[in-house]
Each structure stands twice: as structure tokens, then as C-alpha cells.
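Thanks for asking me to look over this model with you. Could you keep the structure open while you read my points?

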Amino acid sequence: AVACDSDARVRGFLRQCLRNAMRDEWRKGRRLSPLDAQMEDSVPAMEQTSPEEEVSAWEEIDLRRSAEQELYERVVPALAAIVRPSARRDLTQAIGHMRALAAGEMGFGAVVLEATGRNDGQAQTAVHQRHSRTRRRLLEYIESLEVAGELSVDRVRALRWCVSRLQRRAS
């Protein structure tokens, strides 16, 4: 902003920048959101939010982004280090596949084929069960970190949200 601009114009400009950044983050994650249709209807209402609500929403986005980074850089490797080697391979493969599914990089059929070498009903069930076990193990490990005092309640909530995103699959 230029020195001759009024405070009101500068605040308006910054508010618009924040709104645009939040909308960009929302659009990035909306294909993963279970409330896509409802959220899309409420986008114009987003422009009616107060600056405090916008800041709060932005902080939530940052919290979730940092939790996702912590999940993949700290929690998953720590969990993989304590399971037996064959389970480690399955765990890391399942997490990689669930991330690719959630990001829309792979379809469920491609994941099943890569994981099992075939794509029939039995193979799909096996992969689905492996993914369910992996999510359950992740949640149990996160709980154990909370009980041990290594994670705060807010951090656990954010990490659980990250794990819940892994449930999105295109079958």
C-alpha cells in the first residue's frame, strides 16, 4: 500500500488479500471435503464474515496444514519404526495410496492393482481392510502420544482430522 492511501483502503486491501488466500486454500481442499455442495453455496456468505472470523479461519487452515506435515514427517515414521518389518511395508504403502486417493492422483482401481496385482472384488476388499487397519493404527498411535503427554488436545484433534481425510476414496 502506498503512504498516501487511507487506513480504510489499506484495511480493505488486506482484508481482500486474506479473503482471496482463504478462498484459495478452501478450493485446494474442497474436493476432499464431505460438505462440498453446502460449502459452495455458502461462498458468497464468506464475504460477510468479520475480520476476526477470517483470522480464525486462517489460523485453522495453518493448524491443519502444520498437523498434516507433522503427521507425515513425524507420526507416520515413528509408527513405522515400531511395527514389524512386513507391517511397516504395508503401513507405508497404504498411507501412500490413501494420500494419492485423497489428492485425486490415483483411482481406487489403480491403487488396488498396484497393491495386490489384480483388481477383483476380493482384492478391493483386502485393500479397503488394509486402509481401515492403517487408519485405526494411526489413530491409536496418536492417542498413545496424547496419553504420554507428547501431544496437546488441540494437536490431537488436528491430527485426527488429517487421518479422517485419508478416508476419502474414489471407489
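Below are my notes as numbered points, moving from the overall fold to single residues and their contacts.

1. A word on the source before anything else: this is a predicted model, so please read each point below as a description of a prediction.

2. The fold is the natural place to start. The chain has 8 helices and 0 strands, and reading along the sequence gives the pattern α-α-α-α-α-α-α-α. Of its 171 residues, 29% count as buried.

3. How many salt bridges does a search of the whole structure find? The search returns 10 salt bridges, and I will go through a few that caught my eye.

4. One of them pairs R165 with E68, with 3.4 Å between the closest N and O atoms. R165 belongs to helix α8 (residues 153–165) and E68 to helix α4, so this pair ties together parts that are 97 residues apart in sequence. The two partners also differ in their exposure class: R165 is buried, at a relative accessible area of 16%, whereas E68 is partly exposed at 25%.

5. Helix α4 has another such link to offer. R74 forms a salt bridge with E150, and here the closest N and O atoms are 3.5 Å apart. Because R74 lies in helix α4 and E150 in the loop between α7 and α8, the pair ties together parts that are 76 residues apart in sequence. R74 itself is partly exposed, with a relative accessible area of 33%.

6. Which residues are linked with R74 and E150 in a network of salt bridges? They are E70 and R155, giving a network made of E70, R74, E150 and R155. E70 sits in helix α4 and is buried, with a relative accessible area of 14%. You may like to display this network as a group while checking the side chains.

7. E70 also brings us to a cysteine. The C-alpha atoms of E70 and C162 are separated by 9.9 Å, with their positions 92 residues apart along the chain. C162 is buried, at a relative accessible area of 2%.

8. Staying with cysteines, C17 counts as partly exposed at 36% relative accessibility, in contrast to the buried C162. A disulfide is a covalent bond between the sulfur atoms of two cysteines. With a cut-off of 2.5 Å between the sulfur atoms, the count comes to 0 disulfides.

9. A salt bridge between sequence neighbours is worth a look too. D90 pairs with R89, with the closest N and O atoms 3.5 Å apart. Is each partner buried, partly exposed or exposed? D90 is partly exposed, with a relative accessible area of 24%, while R89 counts as exposed at 55% relative accessibility.

10. On the surface, which residues form a positive patch? R84, R133, R136 and R137 do. R84 is placed in the loop between α4 (51–82) and α5 (85–103). With a relative accessible area of 55%, R84 is exposed.

11. Another arginine makes a useful contrast with R84. R130 lies in helix α7 (residues 121–147). Is R130 buried or exposed? R130 is buried, because its relative accessible area of 18% falls under the 20% cut-off. The C-alpha atoms of R130 and I95 are separated by 9.8 Å, and these residues are 35 apart along the chain.

12. My last stop is A94, in helix α5. A94 is buried, with a relative accessible area of 1%. The C-alpha atoms of A94 and L166 are separated by 9.9 Å, although the two residues are 72 apart along the chain.

13. To pull the threads together: the model is an arrangement of 8 helices and 0 strands. Among its salt bridges, R165 with E68 and R74 with E150 tie together parts that are 97 and 76 residues apart in sequence. The positive patch includes R84, and the disulfide count stays at 0.

Methods:
Residues numbered from 1 in each chain as written. Predicted model: local features only at pLDDT ≥ 70, side-chain atom pairs only at ≥ 80, totals over all residues. Heavy atoms only, no water. Buried < 20%, exposed > 50% of the residue type's maximum accessible area, 1.4 Å probe, protein only. Patch = residues over 30% accessible without salt bridge, like charges linked within 9 Å, V, L, I, M, F, W, Y side chains within 5 Å. Areas by Shrake-Rupley, 256 points an atom, 1.4 Å probe, with all protein chains shown as cover. Salt bridge = Lys/Arg side-chain N within 4 Å of Asp/Glu carboxyl O. Lys, Arg positive; Asp, Glu negative; His and termini not counted. Charge placed at Lys NZ, Arg CZ, Asp CG, Glu CD. Helix = DSSP H or I, 4+ residues; strand = E, 2+ residues; numbered from the N terminus.
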